[in-house]
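Biologist: I would like to learn how to read a sheet, going from one pair of residues to the whole arrangement. Could we take it step by step?

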Amino acid sequence: MKNPLTLEEKANVPIIIDHDLIRNQEDIINQILARGTPFFPNLTNEEVDYKRQHVMDVLTSMTILSTYSKHCHFGIVSPGQLDSLLKQMKVILGKRGKISTHSNICDEFVSHKALLSTALYNLTKNSLRLANEADIRVEESRGINIRSEKIVYNPREDISRYFVKFSVHDNGPGFPKDKPLEDYLKLGVSTRKDSTVGFGLYYVNLVAKFLRAPLTIQSEPGNTKLSLYHPLDLKD
């Protein structure tokens, strides 16, 4: 499969995700140096393990998205890998959120676990910054519920009617009404008035573009949901 990202998007990838990479590396190093002292974050072993895995996922994602080769190869995401991914997300959510999965999820599908992990990380991080609670939901979906969700990215390819739907819900204030929802997928656009970074949703959009996965937003005060509809018939 050909990498659908433009040359500019490929070149932006290392800059976009370097922030998360450095922060997680520093947390791990600080925990090793701290040895229980109050000068650094006192991470649990589970948190350190997660951050180590996240660093590896970020590096893998950087390689996948920025590759200049003609063909990109997907791998099989098994039920065990999906379960491991959701356990990692639970570390981020802590006591402020939950994870819901439905029993009708397919046994396996073709994708890149690292891309799913880093995309969910950015969606979850954004939700917890604005809300008291967040909920990651994973379910099988036959089509997109366009009545309640705004499609902000559509690959415009009739590749699938069946998806694994990854959603992040939160009870935050929702997106500001001063600009179209699609604008928040652009590099440098943020929901935070004090932020000039604005790369989280842009990165998620690059992952969606790479995976040919429609991206939707449902935004209202107290009920905001961002969903990545991962097609089940991606081809190598």
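Biologist: Which residue of β8 stands opposite Glu220?

Modeller: Before the case itself, please keep in mind that this is a predicted model. The general idea is that strands of a sheet pair through backbone hydrogen bonds, either parallel or antiparallel. Here Glu220 stands opposite Asn223 in β8, and β7 and β8 (residues 223-231) run antiparallel, joined by 6 bridges. The hairpin that these two strands make has 2 residues between them, and in it Gly222 takes a positive phi near 85°.

Biologist: With which other strand does β7 pair, and in which sense, parallel or antiparallel?

Modeller: Strand β5 (residues 150-153) pairs with β7 in the antiparallel sense over 3 bridges, and within β7 the residue opposite Ile151 is Thr216.

Biologist: Why can β7 be called largely enclosed?

Modeller: A residue counts as buried when its relative accessible area is under 20%. In strand β7 (residues 215-220), 5 of the 6 residues are buried, so the strand is largely enclosed by the rest of the structure.

Biologist: What is the order of the strands in the sheet?

Modeller: The sheet is open, has 6 strands with mixed pairing, and follows the order β2-β4-β6-β8-β7-β5. At its edges stand β2 (97-101) and β5, each of which has a single partner strand, so one side of each is left without a neighbour in the sheet. From one strand to the next, the twist averages 25°.

Biologist: How many bridges join β6 to β8, and what packs on the sheet?

Modeller: Strand β6 (residues 162-170) and β8 run antiparallel and are joined by 8 bridges, with Leu228 in β8 as the bridge partner of Phe166. Helix α4 (residues 113-130) packs on the sheet, where it touches β4 (134-142), β6 and β8, and its direction makes about 25° with that of β6.

Biologist: How many aromatic pairs does the structure hold, and what do they tie together?

Modeller: There are 3 aromatic pairs in the structure. One of them is formed by Phe109 and Phe166, which are tilted, with 6.5 Å centre to centre and 55° between the planes. Because Phe109 lies in strand β3 (residues 109-111) and Phe166 in strand β6, the pair ties together parts that are 57 residues apart in sequence. Phe109 is buried, at a relative accessible area of 4%, and Phe166 is buried as well, at 1%.

Biologist: Why is the pair of Phe163 and Tyr229 called edge-to-face?

Modeller: The ring centres of Phe163 and Tyr229 are 5.5 Å apart and the planes are at 85°, so this pair is edge-to-face. Phe163 lies in strand β6 and Tyr229 in strand β8, so the pair ties together parts 66 residues apart in sequence, and both residues are buried.

Technical notes: Residues are numbered from 1 along each chain as its sequence is written. This is a predicted model: local features need pLDDT of at least 70, side-chain atom pairs count only at pLDDT 80 or more; totals for chains, interfaces and linings use all residues. Side-chain values use heavy atoms; hydrogens and water are left out. Buried means under 20% relative accessible area, exposed over 50%, partly exposed in between (1.4 Å probe, protein chains only). Helices (H or I, at least four residues) and strands (E, at least two) are DSSP runs, numbered from the N terminus. Two strands pair if DSSP finds at least two bridges between them. Axes are lines fitted to C-alpha atoms, for helices over the stretch in contact, and angles run from 0 to 180 degrees between N-to-C directions. Contact means heavy atoms within 4.5 Å. Rings of Phe, Tyr and Trp (its six-membered ring) pair if their centres lie within 6.5 Å; planes under 30 degrees apart count as stacked, over 60 as edge-to-face and the rest as tilted.
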